[in-house]
Amino acid sequence: MRRGWKMALTGGLRCCRRVLSWVPVLVIVLVVLWSYYAYVFELCLVTVLSPAEKVIYLTLYHAIFVFFAWTYWKSIFTLPQQPNQKFHLSYTDKERYENEERPEVQKQMLVDMAKKLPVYTRTGSGAVRFCDRCHLIKPDRCHHCSVCAMCVLKMDHHCPWVNNCIGFSNYKFFLQFLAYSVLYCLYIATTVFSYFIKYWRGELPSVRSKFHVLFLLFVACMFFVSLVILFGYHCWLVSRNKTTLEAFCTPVFTSGPEKNGFNLGFIKNIQQVFGDNKKFWLIPIGPSPGDGHSFPMRSMNESQNPLLANEEPWEDNEDDNRDYPEGSSSLAVETET
């Protein structure tokens, strides 16, 4: 009887957690809908008097708004990609692993299994990276998200503002969303500013639109500052071919820790996220190149091009070996085990 109550309580808590996880997304959607109303109706249709200015403002605004909403939708509803079946332990191997009580034997079993897989990263102690929840050998750059309760390929972080785990399948869309969010806020702030001054000086009548225009500028500036910081940080990560988790904890390879293990150079690093075709860099179409299970590494690239071996490594933080934090910014939360 008690077990039944516990199971019902656990199920209820999970249901509540899923519902509450959509609250940040709902907040963003409501703010965006209000900004659309305030800009289109209260500013362009009511406050702006020049017909030509109205057409220009509305045309540019809707062009930016479409890409902003499109990339936000893709960031939310593009599901994180999980490792394929060959990285999971077979039923027999799982039984052997769980029944083995000696840690050193378990470690050797994982080493033997990993020899058949394209896995080159290790734990801090040099052991094979294994997820005891999903019962799989983690591919390179794959981590377990405690919020999504699954292993995610090239996991970057879990973002509550899109209620999704950002990884290989949707990192491109997330970056595009940040870019268009910055552009959206900047466009609103620059076009609203002149009318904000007019209302402030009393050159325009104090009507209902005044509140919307004044508050619209304040909200746009507030979000712009926070978004441009976050977008700048992720641009830095892309330029170094790092994820948020790798920026806080240096990847360990079979040869040892290497801060720039996946750094292929500025252009190639960008292509690793956005692809080779520059026409699609600004459009949320198509995933990042590759399968998400294996990635080109600097050491292999240097063996193919000896000139790279003489290239000085980029400077990085000295404290990259810290444990993963619970959150790295006000808009993103990292949850990895």
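**Exercise 1. Salt bridges in the whole structure**

Task: State how many salt bridges a search of the whole structure finds.

Solution: The search of this predicted model returns 5 salt bridges. Three of these pairs are worked through below: Arg208 with Glu42, Asp112 with Lys115, and Glu246 with Arg141.

**Exercise 2. The pair Arg208 and Glu42**

Task: Determine which parts of the chain the pair of Arg208 and Glu42 links, and classify each residue as buried or exposed.

Solution:
1. The side chains of Arg208 and Glu42 form a salt bridge, with an N to O distance of 3.0 Å.
2. Arg208 belongs to helix 7 (residues 208-240) and Glu42 to helix 2 (residues 23-47); the two residues are 166 residues apart, and the pair links distant parts of the chain.
3. Arg208 has a relative accessible area of 59%. Exposed means over 50%, so Arg208 is exposed.
4. Glu42 has a relative accessibility of 1%. Buried means under 20%, so Glu42 is buried.

**Exercise 3. The pair Asp112 and Lys115**

Task: Give the separation of the closest N and O atoms in the salt bridge of Asp112 with Lys115, and assign an accessibility class to each residue.

Solution:
1. The closest N and O atoms of Asp112 and Lys115 are 3.8 Å apart. The pair counts as a salt bridge because this distance is within 4 Å.
2. Asp112, at 37% relative accessibility, is partly exposed.
3. Lys115, with a relative accessible area of 63%, is exposed.

**Exercise 4. The pair Glu246 and Arg141**

Task: Locate Glu246 and Arg141 in the chain, and describe their contact, their burial and the phi of Arg141.

Solution:
1. Glu246 and Arg141 form a salt bridge in which the closest N and O atoms are 2.8 Å apart.
2. Glu246 lies in helix 8 (residues 244-248), whereas Arg141 lies in the loop between strand 3 (136-137) and strand 4 (143-145); with these positions 105 residues apart in numbering, the pair links distant parts of the chain.
3. Both Glu246 and Arg141 are buried; for Arg141 the relative accessibility is 2%.
4. Phi of Arg141 is near 70°, which is a positive value in a residue other than glycine.
5. Most residues other than glycine have a negative phi.

**Exercise 5. Asn163**

Task: State where Asn163 is found, and whether Asn163 is buried or exposed.

Solution:
1. Asn163 is found in the loop between strand 6 (157-159) and strand 7 (164-166).
2. The relative accessibility of Asn163 is 18%. This value is under 20%, so Asn163 counts as buried.
3. Phi of Asn163 is near 50°, again a positive value in a residue other than glycine.

Definitions and conventions. Residues are numbered from 1 along each chain as its sequence is written. This is a predicted model: local features need pLDDT of at least 70, side-chain atom pairs count only at pLDDT 80 or more; totals for chains, interfaces and linings use all residues. Side-chain values use heavy atoms; hydrogens and water are left out. Helices (H or I, at least four residues) and strands (E, at least two) are DSSP runs, numbered from the N terminus. Buried means under 20% relative accessible area, exposed over 50%, partly exposed in between (1.4 Å probe, protein chains only).
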